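Biologist: I would like to learn how to read a structure file feature by feature. Could we take one residue or element at a time?

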Amino acid sequence: MSVSSVLKAGGRWRCFPGAVGSSLFQALHNSCCRKKSTASKKIIPSVAFGDKNTTESGNALDKLFSSEQQASILHVLNTASNKELEAFKLLRGRKSINIVEHREKFGPFQNLESLMNVPLFQYKTTVQVCNSILCPEMQRKKRKSPENRLLKKLIKPEIERERLKAVNSIVSIVFGTRRIAWAHLDRKLAVLDWQQSQCCQLMKGTYISSVYLEEISSVISKMPKADFYVLEKTGLSLQNSTLFPILLHLHIIEAMLYALLNTTFAQGGQHQVLSMNRNAVGKHFDLMVGDSRTSGKELVKQFLLESVLQEEPRVFFPSDKIVHYRQMFSSTEQHRIEELYDSLLQAVAFYEMAVFNTEL
């Protein structure tokens, strides 16, 4: 449509020369913004959608939208081509075709009520379409990029990309039924601290809150300061009732770590504690066999060896601590202290997947 576009704004008919594809959207944007600044009602109505007859629906539509807004919506419905209608998310596919066919067969739409005569358009759909036409930019704001969706699956709660890019150090925390392990790494993947703490009293008795507070507070007092504290999010199923005691224990620890480590959340509302998907870390290191994750022991052993033999290892263990870390690792080989291995792997995966990855 290269002809001039005509919209009714402020009680007058105004002419917007040029292609409708650009001028129409700008005019609708101005109309939408002006309406929001002068009226207390929101465009999206809080109406209970149910079975309504045509008359009731038509009257409801008249009350929801001003005469100016109705004129803008009808102009789009009566003049836009099939391709231009598809620019609105809710009119893609068969809906835009049905509008054009109905318009060619019965003539221009005289009111918003007549849109409900078009196949696939019920009352609720009509209201949503009208809102979409008035403020198409609202639909665009709601869309999340594929990168954000991937990041959201990896880390929760959702965090600003800029904060992740600026991180200098993190503490990766993995906890089980008897111990809590953590690894403190900077953005050069240098291991600044790596240890574990036994928590044998937590699952004894009836999950006494004071015992959990004492144990978790004692562990946190040993942890170094960091920009983020990253907790492992397990994928244990709630449907398995036999695992309920373990799940309850893990959720209590997680909640306490969130509360005790998020020291500045009350002031600024900024999360310092994040949860990272356990299986995503397993996939990153090829440790998954079906839905199960295998031990990361051999991979950690490889990291320790590479730090000694290679000039640029994947993970750097400082020379003054490498002997201590190798001895600590050797002492756990018989008992397979998975929390210790996983805390290191999770820290490396966090940097490689969430901080350094340019595709996210």
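Modeller: This is a predicted model, and a good place to start is Arg314. A residue counts as partly exposed when its relative accessible area falls between 20% and 50%. Arg314 has a value of 34%, so it is partly exposed.

Biologist: Which residue forms a salt bridge with Arg314?

Modeller: A salt bridge needs a side-chain nitrogen of Lys or Arg within 4 Å of a carboxyl oxygen of Asp or Glu. Arg314 pairs with Glu352, and their closest N and O atoms are 2.8 Å apart. Because Arg314 sits in the loop between helix 14 and helix 15 (319-332) while Glu352 belongs to helix 16, the pair ties together parts 38 residues apart in sequence.

Biologist: Which residues are joined into one network by salt bridges that share partners?

Modeller: Glu232, Arg278, Arg293 and Asp342 are joined in that way. The structure holds eight salt bridges.

Biologist: How far apart along the chain are Lys233 and Glu254?

Modeller: The side chains of Lys233 and Glu254 meet in a salt bridge, at 3.1 Å from N to O. The two are 21 residues apart, with Lys233 in strand 7 (residues 228-233) and Glu254 in helix 11, so this pair links distant parts of the chain. 

Biologist: Is Glu254 buried or exposed?

Modeller: Under 20% relative accessible area means buried. Glu254 has 12%, so it counts as buried, whereas Lys233, at 34%, counts as partly exposed.

Biologist: What are the values for Arg94 and its partner?

Modeller: Arg94 forms a salt bridge with Glu101, and the closest N and O atoms are 3.1 Å apart. Arg94 is partly exposed at 44%, and Glu101 is partly exposed at 39%.

Biologist: Now the pocket. How much space lies in the largest pocket?

Modeller: The largest pocket holds about 330 Å³ of space. It is lined by 19 residues, and the closest to its centre are Phe175, Gly176, Glu232, Arg278 and Glu339. By class, the lining has nine charged, five polar and five nonpolar residues.

Biologist: Which elements each supply at least two residues of that lining?

Modeller: Strand 4 (169-175), helix 11 (244-261) and helix 16 (338-355) do. Helix 16 gives the largest share, three residues.

Biologist: Which residues form a nonpolar patch on the surface?

Modeller: Leu305, Val308 and Leu309 form one, with about 300 Å² of accessible area together. Val308 lies in helix 14 (residues 297-309) and is partly exposed, with a relative accessible area of 45%.

Biologist: How should I read the backbone angles?

Modeller: Look for a positive phi in a residue other than glycine. Leu189 has a phi of about 60 degrees and lies in the loop between strand 5 (179-186) and strand 6 (191-198). Phi of Asp286 is near 55 degrees, and Asp286 is found in the loop between helix 13 (278-284) and strand 9 (288-289).

Biologist: Which of these two residues is buried, and which is exposed?

Modeller: Leu189 is buried, with a relative accessible area of 7%. Asp286 counts as exposed, at 69%.

Biologist: Where is there a cis peptide bond?

Modeller: The bond joins Lys156 and Pro157, with omega about -5 degrees. Pro157 lies in the loop between strand 3 (155-156) and helix 9 (161-165).

Notes:
Residues are numbered from 1 along each chain as its sequence is written. This is a predicted model: local features need pLDDT of at least 70, side-chain atom pairs count only at pLDDT 80 or more; totals for chains, interfaces and linings use all residues. Side-chain values use heavy atoms; hydrogens and water are left out. On a 1 Å grid over the protein atoms alone, a cavity is a set of points where a 1.4 Å probe fits but cannot get out, and a pocket is an open set with protein on both sides within 12 Å along at least five of seven lines; lining residues have an atom within 4 Å of a point. Grid points are joined across faces, edges and corners, and a volume is the space filled by probe spheres set on the points. Helices (H or I, at least four residues) and strands (E, at least two) are DSSP runs, numbered from the N terminus. Ala, Val, Leu, Ile, Met, Phe, Trp, Tyr, Cys and Pro count as nonpolar, Asp, Glu, Lys and Arg as charged, and the others, Gly among them, as polar. Patches are made of residues with over 30% relative accessible area and no salt bridge: like charges are joined within 9 Å, nonpolar side chains (Val, Leu, Ile, Met, Phe, Trp, Tyr) within 5 Å. Accessible areas come from the Shrake-Rupley method with a 1.4 Å probe; for residues, only the protein chains shown count as cover. Buried means under 20% relative accessible area, exposed over 50%, partly exposed in between (1.4 Å probe, protein chains only).
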